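Biologist: I am new to this structure and would like a guided look at it. Could we go through it together, one topic at a time?
Modeller: Certainly; here it is.

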Amino acid sequence: MTGTEPAVQRIDTSKPHPARVYDWFLGGKDNYPVDEQLGRQITSLDPGAPRTARANRWFMQRATRMLVRESGIRQFLDVGTGIPTEPNLHQIAQSTAPDARVVYVDNDPIVLAHAAALLRGTPEGATEYLQADAREPLTILQQAARVLDFDRPIALSLIALLHFIPDEDGARELVDTLIDALAPGSCLVLSAMTADLEPEKVARGIAAYAAGGVTLVARSHAEVSSIFKGLEPMDPGIVSVSEWHPELAEGETPLGEGPVSLYGGVGFKV
Ligand SMILES: C[S@@+](CC[C@H](N)C(=O)[O-])C[C@H]1O[C@@H](n2cnc3c(N)ncnc32)[C@H](O)[C@@H]1O
């Protein structure tokens, strides 16, 4: 685990943070009144917001299951991990493959403060947490190489991360840099917010986040697809996360009617 000063001293409770608002949506307890306030405000504008968070979390679970069980992936680099919510990615992967190796990365000190839960993996496998910014992919690659073998396939998971990073801040370059470092047989697992399906609701959500000081960017289907350029898409391509391999669901409760405004997909490096 890396971090140069006690995490608790760096947690800013005066303004909302994406990881903590997301934790509130998921019914977690690791958030502060400012996060709850923004979460409630967003929910008043878009009552489906907590449901979107659940659907996204389940996409991560289904994609991880699919990759471990059917694609033989044993290594994961999960950037933008969030506050631990069970089951975490390593628990899903290691329940099928105890030797799976997982490196988690987030830039929010509250995630570092809870990283111990991310490090309780199997003795045969490995889990590591890096406190780092996705916009510094070379730092991530250098540190992740202590745990992951970059000569073998790795699943790079960027789940509900890129809508916090506009293209002007290097979203595309960071993805390209990370993918370039991966061996053939590796893959990108990605989910990202879209305004394609419910433009007005999503615009209201973006405005509420902006009022809380958090920049969010929605991407069209064409824009999300272009992030996968050069990769071989896995069926069914880029779809709403709730429609991605529903047959792999385990322990999911009914989501209810209506679209989920997050695209998700998996693409392989050949
Ligand atoms: C909505 S949460 C998603 C958590 C988890 N991936 C999931 O889908 O359940 C987004 C996470 O991305 C992290 N994040 C946002 N910008 C980041 C950046 N520039 N570098 C690293 N992490 C970032 C936030 O701190 C937060 O934990």
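**Packing around helix α4**

Modeller: This is a predicted model. A useful place to begin is helix α4, whose buried residues pack against α3, β1, β2, β3 and β4.
Biologist: Which residues of α4 are buried?
Modeller: Leu 89, His 90, Ile 92, Ala 93 and Gln 94 are the buried residues of α4.
Biologist: And how do α3 and α4 lie relative to each other, parallel or antiparallel?
Modeller: The axes of α3 and α4, the latter covering residues 89-96, cross at roughly 30° and come within 9 Å. Because angles under 35 degrees count as roughly parallel, α3 is described as roughly parallel to α4. The crossing in which α3 passes α4 is right-handed.
Biologist: Which residues meet there?
Modeller: From α3 there are Met 60, Gln 61, Thr 64, Arg 65, Val 68 and Arg 69, and they meet Leu 89, Ile 92, Ala 93 and Thr 96 of α4. By type, the residues of this contact of α3 with α4 are five nonpolar, three polar and two charged.
Biologist: Let us turn to the interior. How many residues has the largest nonpolar core?
Modeller: The largest nonpolar core has 50 residues, and Leu 67, Phe 76, Val 189, Trp 244 and Val 266 have the most contacts inside it. Helix α3, residues 49-70, gives the most to this core, with nine residues.
Biologist: What does Phe 76 touch?
Modeller: Setting aside neighbours within four places in sequence, Phe 76 is in contact with Thr 64, Leu 67 and Val 68. Its other contacts are Leu 89, Ala 93, Arg 101, Val 102, Val 103, Leu 148, Ile 154 and Ala 155.
Modeller: Apart from the largest core lies another one, of 35 residues, and Val 103, Ala 144, Ile 165 and Val 224 are among them.
Biologist: Where is Ile 165, then?
Modeller: Ile 165 sits in the loop between β4 (155-159) and α7 (171-180).
Biologist: Why does Ile 165 count as buried?
Modeller: Buried means under 20% relative accessible area, and Ile 165 counts as buried because its relative accessibility is 5%. Not counting residues up to four places away in sequence, Ile 165 touches Ala 134, Arg 135, Ala 171, Leu 174, Val 217 and Arg 219. Ile 165 and Thr 215 are 50 residues apart in sequence, with their C-alpha atoms 8.0 Å apart in space.
Biologist: What about α6: which of its residues are buried?
Modeller: In α6, residues 137-144, the buried ones are Pro 137, Ile 140, Leu 141, Gln 143 and Ala 144. These buried residues of α6 pack against β1 (75-79), β2 (101-106), β3 (126-131) and α7.
Biologist: Another topic: how do α2 and α8 pack?
Modeller: Helix α2 (residues 33-45) and α8 pack at an angle of about 160°, and their axes are 9 Å apart. Angles over 145 degrees count as roughly antiparallel, so α2 is roughly antiparallel to α8. The crossing of α2 and α8 is right-handed.
Biologist: Which residues make that contact?
Modeller: Leu 38, Ile 42 and Leu 45 of α2 make the contact with Lys 201, Arg 204, Ala 208 and Tyr 209 of α8. The residues of the contact of α2 with α8 divide into five nonpolar, no polar and two charged.
Biologist: And Glu 198, is that buried or exposed?
Modeller: Glu 198 is buried, with a relative accessible area of 15%. Glu 198 is in the loop between β5 (187-193) and α8 (199-211). Beyond neighbours within four places in sequence, Glu 198 is in contact with Pro 259 and Ser 261.
Biologist: Now the backbone. Which peptide bonds are cis?
Modeller: Most peptide bonds are trans. Here, the bond from Glu 86 to Pro 87 is cis, with omega near -5°, and Pro 87 is in the loop between β1 and α4. A cis peptide bond also joins Asp 235 and Pro 236, with omega about 0°; Pro 236 lies in the loop between β6 (232-233) and β7 (239-240).
Biologist: What is the phi of Ala 160?
Modeller: Ala 160 has a positive phi of about 55° although it is not a glycine. Ala 160 is in the loop between β4 and α7, and Ala 160 counts as buried at 16% relative accessibility.
Biologist: And the phi of His 245?
Modeller: For His 245, phi is near 40°, a positive value in a residue other than glycine. His 245 is in the loop between β7 and β8 (262-268), and His 245 counts as buried at 15% relative accessibility.

How values were computed: Residues numbered from 1 in each chain as written. Predicted model: local features only at pLDDT ≥ 70, side-chain atom pairs only at ≥ 80, totals over all residues. Heavy atoms only, no water. Core = buried A, V, L, I, M, F, W, Y, C linked by side-chain atoms within 4.5 Å. Buried < 20%, exposed > 50% of the residue type's maximum accessible area, 1.4 Å probe, protein only. Helix = DSSP H or I, 4+ residues; strand = E, 2+ residues; numbered from the N terminus. Contact = heavy atoms within 4.5 Å. Axes fitted to C-alpha atoms, helices over the stretch in contact; angles between N-to-C directions. Parallel < 35°, antiparallel > 145°, perpendicular 65-115°, else oblique. Left-handed = near helix turned anticlockwise from the far one by under 90°. Nonpolar A, V, L, I, M, F, W, Y, C, P; charged D, E, K, R; others polar.
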